[in-house]
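The report below, written for a reader who has the coordinates at hand, takes up the pockets, one side chain within a helix, and the strand pairing.

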Amino acid sequence: MIQFDNVSYNYEKGGGISNVNLAIQENEYAFLIGPTGSGKTTLLRLAYMDLVPNVGRVIINKYDSNKIKPKKIPYFRRSIGMVFQDYHLLNDRNLFDNIALPLHVMGFKKDEIVDRVEESLEEVGLDSKSNQYPNELSGGEQQRACVARALIKEPEIILADEPTGNLDPVTSFELIKLLEEINRDGTSILMASHNYNLIKGRGHRIIEIQNGTVRKS
């Protein structure tokens, strides 16, 4: 599902990842754990093909970072949902329109957009909030909205970059449970976090990254 073969990526100002070999299996829920600056976001950006390795290759399903053409990347990303720490919701649009945006970009018809948005909002428990704007929602609700936006494409993979970073402990725990429900429905999830206490003991693989290097897991 996700495969890193001897992948290195270095920024001009320093940092990045080095010699990463990693495989995430179909239907797996894996945590990527490490302190701030350890390379978690870089690894996720490589998995999203927002970055191209300096060395090695990333393979996501049938797509190879060494072979994919730039015009094919938007099609590749249709199978991946992204959840960010800072929400990335548009403040001038209500919740429904924020969630619907990826489908408009992909050219879906209006009726199908409505059906998918309503289904996604119901799945994350926000079906009563569709007309509200981001600034009218709590942090936990905004993060659930981000999950709904990721789900709207019916992705095979969700990449979550510190999704609990701005949430209190109770809300963070609820978000983890929501992602576990999504995983049980067949979506592979790779979630980055620096909070080991939040994720330990949940029965999922924990992948440790330190100074850009992934420890064997």
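Helix α3 supplies the largest share of the lining of the largest pocket, namely five residues, in what is a predicted model. The elements that contribute two or more residues to this lining are β6 (80-83), α3 (95-106) and α5 (139-151). The volume of the largest pocket comes to about 470 Å³, and among its 18 lining residues those closest to the centre are Tyr48, Leu101, Pro102, Arg149 and Lys153. Sorted by class, the lining of this pocket holds eleven nonpolar, three polar and four charged residues.

The second largest pocket encloses about 250 Å³ of space. Its lining is made up of 16 residues, and Lys40, Thr41, Gln85, Asp161 and Glu162 are the ones that lie nearest its centre. Here the greatest contribution comes from helix α1 (residues 40-47), which gives three residues to the lining. By class, the lining of the second largest pocket consists of two nonpolar, ten polar and four charged residues.

The two pockets are set side by side below.

| Pocket | Volume | Lining residues | Lining by class |
|---|---|---|---|
| Largest | about 470 Å³ | 18 residues | eleven nonpolar, three polar, four charged |
| Second largest | about 250 Å³ | 16 residues | two nonpolar, ten polar, four charged |

Helix α5, one of the elements that give two or more residues to the lining of the largest pocket, also contains Gln142. Is Gln142 buried or exposed? Because its relative accessible area is 15%, and the cut-off for a buried residue is under 20%, Gln142 counts as buried. When residues up to four places away in sequence are set aside, Gln142 touches Tyr87, Leu89, Pro134 and Leu137.

The strand pairing can be described in turn. Four strands make up an open sheet, in which the order is β2-β1-β4-β5 and the pairing is antiparallel. The edges of this sheet are formed by β2 (16-24) and β5 (63-64), each of which pairs on one side only. Strand β1 (residues 2-10) runs antiparallel to β2 and is joined to β2 by six bridges; within this pairing, Tyr9 has Ile17 of β2 as its bridge partner.

Technical notes
Residues numbered from 1 in each chain as written. Predicted model: local features only at pLDDT ≥ 70, side-chain atom pairs only at ≥ 80, totals over all residues. Heavy atoms only, no water. Pairing = 2+ DSSP bridges. 1 Å grid on protein atoms, 1.4 Å probe; cavity = no way out; pocket = protein on both sides within 12 Å on 5 of 7 lines; lining within 4 Å. Points joined across faces, edges and corners; volume = space filled by probe spheres on them. Nonpolar A, V, L, I, M, F, W, Y, C, P; charged D, E, K, R; others polar. Buried < 20%, exposed > 50% of the residue type's maximum accessible area, 1.4 Å probe, protein only. Contact = heavy atoms within 4.5 Å.
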